[in-house]
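Here is a model to question. Each turn asks for the reason behind a label.

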Amino acid sequence: MAEQTLRGSCLCGGIEVQVRGEIGQLDYCHCSQCRKASGTAFASNAPITTDRLAITGSHLVKEFAASDGKWRAFCGTCGSPIYSRRASRPNEVRLRVGLLDDAIAPSQRQHIWADSRANWHEIDDSLPAFSEDAGSSPLQQKPQPQPLGNRNS
Ligand SMILES: [Zn+2]
Ligand SMILES: [Zn+2]
């Protein structure tokens, strides 16, 4: 059986991505850079080796040096975040999984940089949550969902 290809695009469609094979690890990253770059509570990022990734319309990709040795790539037309990459990992990007149109079945999902999360977003699922990068100490206190009407008690 042929290996599947996952397809996606940026909002304007000028950049198309194809991932060969399945998404393995999926990180919900709550770091302040991902929050600002995405404009929301967290980014959904998957490490993908570059040999599994094809990008068309790459002339539209703009890269912002967010910190030393790390770039955040986005569409220069519509602003959609596409991936981030590090000089220290030249054969890997962290793809923004929200670009994908196809359904995915990641083998592992986790929250990372949970200590940096927005104070208006609660992590209340049963996934692993790490205070900083994956493998750091677990987030100690996941707020428990409270019954409606009981939040001020
Ligand atoms: Zn675009
Ligand atoms: Zn992040």
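**Strands, sheet and cores**

This is a predicted model. 5 bridges join β1 to β2, and the two strands run antiparallel.

Q: Why are β1 and β2 called a pair?
A: Pairing takes at least two bridges between two strands. β1 and β2 have 5, so they pair. One bridge partnership sets Leu6 against Val19 in β2.

Q: What lies between the strands in the hairpin of β1 and β2?
A: The hairpin has 6 residues between its strands. Gly13 takes a positive phi there, near 85°.

Q: How do you know that β2 and β5 pair?
A: They share 4 bridges, and at least two are required, so the pair counts. The sense is antiparallel. Val17 stands opposite Ile55 in β5. Val19 stands opposite Leu53 in β5.

Q: What makes β1 and β5 edge strands?
A: Each pairs on one side only. The open sheet has 3 strands in the order β1-β2-β5, with antiparallel pairing. Its twist averages 15° from one strand to the next.

Q: Which residues of β2 point to the buried face, and which to the other?
A: The side chains alternate along β2. Val17 and Val19 point to one face and are buried. Glu16, Gln18 and Arg20 point to the other and are not buried. Buried means 20 or more other C-beta atoms within 10 Å, so Val17 and Val19 reach that count.

Q: What makes the largest nonpolar core a core?
A: Its 17 residues qualify because they are buried, are of nonpolar types, and are joined through C-beta atoms within 7 Å. Ile82 and Leu95 have the most contacts inside it. β2 (16-20), β4 (43-49), β7 (70-75), β8 (81-86) and β9 (92-96) each supply at least two residues of this core. β7 gives the most, with 3 residues.

Q: Which residues does Ile82 touch, beyond those up to four places away in sequence?
A: The list is Cys10, Ile15, Val61, Ala73, Phe74, Cys75, Arg96 and Leu99. A contact requires C-beta atoms within 7 Å, so each of these meets that limit with Ile82.

Q: Which residues does the second, separate core include?
A: Cys29, Cys34, Phe42 and Ala114 are among its 9 residues.

Q: How many helices and strands does the chain have, and how do they run?
A: There are 1 helix and 10 strands. From the N terminus the order is β-β-β-α-β-β-β-β-β-β-β.

Q: What share of the chain is buried?
A: Buried residues make up 26% of the 153 residues.

Notes: Residues numbered from 1 in each chain as written. Chains lettered and ligands numbered in written order. Predicted model: local features only at pLDDT ≥ 70, side-chain atom pairs only at ≥ 80, totals over all residues. Buried ≥ 20, exposed ≤ 12 C-beta atoms within 10 Å, placed from the backbone. Contact = placed C-beta atoms within 7 Å. Axes fitted to C-alpha atoms, helices over the stretch in contact; angles between N-to-C directions.
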